[in-house]
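Please open the model in your viewer with side chains shown as sticks, and keep the sequence panel beside it. The tour below proposes one selection after another and says what is to be found at each stop.

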Amino acid sequence: MSKENQIEDNLIGQLKGLKYVYRPEIVDRNSLEINFRQKFETLNRVRLTDNEYLRLREEIINISSRL
């Protein structure tokens with residue numbers, strides 16, 4: 001096992017110890033965005049059109065880049 005893999009495994013273990021849920025299916029930006037959209041829609045009880053979601057995503061990215 002490479003040093004990088006060991007570091008990742010240690011971090012995942014620490015986060016699990018803090019009650020975070022490990023989601024091995026989230027492996028790239030696309031799967032992360034799909035998960036975010038699903039959770040956002042569920043928590044806010046809304047269904048976003050693709051354009052609404054793109055506007056939301058851009059707003060979040062622009063806010064975080066200004067911090």
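A salt bridge is taken here as a side-chain nitrogen of Lys or Arg within 4 Å of a carboxyl oxygen of Asp or Glu. By this rule the count comes to seven salt bridges in what is, it should be said at the outset, a predicted model. Side chains of opposite charge can pair when their charged atoms come close.

**First stop: E41 and its two arginines**

Select R37, E41 and R47 together. R37 and E41 share helix α2, where they stand four residues apart, about one turn of the helix, and their side chains form a salt bridge whose closest N and O atoms are 3.2 Å apart. Both of these residues are buried; for E41 the relative accessible area is 7%, which falls under the 20% that marks a residue as buried. Now turn to R47, which also forms a salt bridge with E41, the closest N and O atoms here being 3.1 Å apart. Is R47 buried or exposed? R47 counts as exposed, because its relative accessibility is 71% and the cut-off for that class is over 50%.

**Second stop: a charged network**

Next select R57 and E58, whose side chains meet in a salt bridge with an N to O distance of 3.4 Å. Both are partly exposed, R57 with a relative accessible area of 22% and E58 with 36%. Extend the selection to R29 and E33, since salt bridges that share partners join R29, E33, R57 and E58 into one network.

Keep E33 highlighted for a moment. E33 has its place in helix α2 and is buried, its relative accessible area being 16%. Leaving aside residues up to four places away in sequence, E33 touches Y53 and R57, and Y53 leads on to the next stop.

**Third stop: the aromatic side chains**

How many aromatic pairs does a search of the whole structure find? The search finds two. Select F36 and F40 for one of them: the rings form a tilted pair, 5.9 Å from centre to centre, with 35 degrees between the planes. Because F36 and F40 are four residues apart in helix α2 (residues 29-44), about one helical turn separates them. F36, at 34% relative accessibility, counts as partly exposed, and F40, at 25%, is likewise partly exposed.

Then add Y53 to the selection. F36 and Y53 form an aromatic pair that is tilted, with 6.5 Å from centre to centre and 45 degrees between the planes. Since F36 lies in helix α2 and Y53 in helix α3 (residues 50-66), this pair ties together parts that are 17 residues apart in sequence. Y53 is buried, with a relative accessible area of 6%. Taken together, F36, F40 and Y53 form one aromatic cluster.

**Fourth stop: N35**

Step back along the sequence to N35, again in helix α2. What does N35 touch, if residues up to four places away in sequence are not counted? The contacts of N35 are R23 and I26. N35 itself is buried, as its relative accessible area of 14% is under 20%.

**Fifth stop: the largest pocket**

Switch to a surface view. Rolling a probe the size of a water molecule over the atoms shows where empty space is left. The largest pocket has a volume of about 210 Å³, and to frame the pocket you can select its lining residues, which are E8, L11, I12, L15, K16, Y20, V21, Y22 and R23. Sorted by class, this lining has six nonpolar residues, three charged residues and no polar ones. R23, part of this lining, is also one of the residues that N35 touches.

**Last stop: two loop residues with positive phi**

Finally, return to the backbone and select K19, which lies in the loop between α1 (3-17) and α2. The phi of K19 is near 75 degrees, a positive value in a residue other than glycine, and K19 is exposed, with a relative accessible area of 72%. Move on to R45, in the loop between α2 and α3. R45 too has a positive phi while not being glycine, its value being near 50 degrees, and with a relative accessible area of 78% R45 is exposed.

Methods: Residues are numbered from 1 along each chain as its sequence is written. This is a predicted model: local features need pLDDT of at least 70, side-chain atom pairs count only at pLDDT 80 or more; totals for chains, interfaces and linings use all residues. Side-chain values use heavy atoms; hydrogens and water are left out. Rings of Phe, Tyr and Trp (its six-membered ring) pair if their centres lie within 6.5 Å; planes under 30 degrees apart count as stacked, over 60 as edge-to-face and the rest as tilted. Buried means under 20% relative accessible area, exposed over 50%, partly exposed in between (1.4 Å probe, protein chains only). Contact means heavy atoms within 4.5 Å. On a 1 Å grid over the protein atoms alone, a cavity is a set of points where a 1.4 Å probe fits but cannot get out, and a pocket is an open set with protein on both sides within 12 Å along at least five of seven lines; lining residues have an atom within 4 Å of a point. Grid points are joined across faces, edges and corners, and a volume is the space filled by probe spheres set on the points. Ala, Val, Leu, Ile, Met, Phe, Trp, Tyr, Cys and Pro count as nonpolar, Asp, Glu, Lys and Arg as charged, and the others, Gly among them, as polar.
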